[in-house]
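Grab a pencil and have a go at these exercises. Try each task on your own, then check the solution that follows.

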Amino acid sequence: MRSAVVAALVSASLLVLGGLGAAPGGDPPLPARMADTGGGSQLITAVAARTGSTSGTVTWWELRDGRWRKAGSAKARFGANGLVEGSSRKQGTNTTPTGLYDLPYAFGIKAPPGGTTYKYRAVRQNSWWCQDNDSRSYNRWVEPRPADCGAAEAERLISYTTQYAYALVVGFNYAEPVRGRGAGIFLHVDGRGATAGCVSVSADAMRRILAWAEPGKGPHIAIGTVSGRTAVTRY
């Protein structure tokens, strides 16, 4: 009789965990432990061990039948000075902002990978990203660069042939930009080392992410640490 009761309890526990998308005997998957996932059925998580880390893991997830399932993962790089809470970030600090953000559109110097359904903007010779705090185009793609956006305060996108082969715009400080907080935060292809504040992965991983992401599924990106005040589960 005791064995039957124990078996029933174990079965019930597995059902509860299964509803969260957990494997039997394991913790619920990361998205099921987060405060918010953006409301869609796709999510990218970019997680570092601690705020001082310059590397970590990017994982992309899909919500199917009420369960979050891992669709892929890759090694990731973060800002040269680690990560910082997005709401208190300062421009020019080479830090990656933590938080939960939407992904407005994709872009690239190369043609979009096969299967890409995201809005994909082609980089041209006169494509720039304005980071000039005094410009009306602050934290926006400009083409051509306007007179009020100094060249020294902007990125000429085509100059970054490796990093911007493929990229997704991260919605940090984007909808209503706060001057001095930061501009031009992307998920892009790895360069030679840590980033200036973006999140980067291999070119193969970016191709897989772009082929996987579907605008209709409301994908977001959550950036954070394993624990502490900037834990990814807080966002």
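**Exercise 1: the core**

Ile 44, Val 58 and Leu 187 touch the most other members of the largest nonpolar core, which has 32 residues. Keep in mind that this is a predicted model. Work out which helix or strand gives the most to this core.

*Solution.* Start with the elements that each supply at least two residues: strands S1, S2, S3, S12, S13 and S14, plus H2. Next, pick the top supplier: H2 gives the most, with five residues. Finally, zoom in on Ile 44: leaving aside neighbours within four places in sequence, its contacts include Val 58, Leu 187, Ile 209 and Trp 212.

**Exercise 2: the sides of a helix**

Find the buried residues of helix H2 (residues 203–212) and say how they are arranged around its axis.

*Solution.* First, list the buried ones: Ala 205, Met 206, Ile 209, Leu 210 and Trp 212. Then look at their directions: they cover an arc of only 165 degrees around the axis, so they sit on the same side of H2. Now try Asp 204, which also lies in H2. Its relative accessible area is 39%, and buried means under 20% while exposed means over 50%, so Asp 204 counts as partly exposed.

**Exercise 3: the pocket**

Which kinds of residue line the largest pocket, and how many of each are there?

*Solution.* Begin with the total: 26 residues line the largest pocket, and Gln 131 and Glu 155 are among those nearest its centre. Sort the lining and you get nine nonpolar, 13 polar and four charged residues. The volume comes to about 410 Å³.

Conventions
Residues are numbered from 1 along each chain as its sequence is written. This is a predicted model: local features need pLDDT of at least 70, side-chain atom pairs count only at pLDDT 80 or more; totals for chains, interfaces and linings use all residues. Side-chain values use heavy atoms; hydrogens and water are left out. Buried means under 20% relative accessible area, exposed over 50%, partly exposed in between (1.4 Å probe, protein chains only). Helices (H or I, at least four residues) and strands (E, at least two) are DSSP runs, numbered from the N terminus. The arc is that of the directions from the helix axis to the C-beta atoms. On a 1 Å grid over the protein atoms alone, a cavity is a set of points where a 1.4 Å probe fits but cannot get out, and a pocket is an open set with protein on both sides within 12 Å along at least five of seven lines; lining residues have an atom within 4 Å of a point. Grid points are joined across faces, edges and corners, and a volume is the space filled by probe spheres set on the points. Ala, Val, Leu, Ile, Met, Phe, Trp, Tyr, Cys and Pro count as nonpolar, Asp, Glu, Lys and Arg as charged, and the others, Gly among them, as polar. A nonpolar core is a set of buried Ala, Val, Leu, Ile, Met, Phe, Trp, Tyr and Cys residues joined through side-chain atoms within 4.5 Å. Contact means heavy atoms within 4.5 Å.
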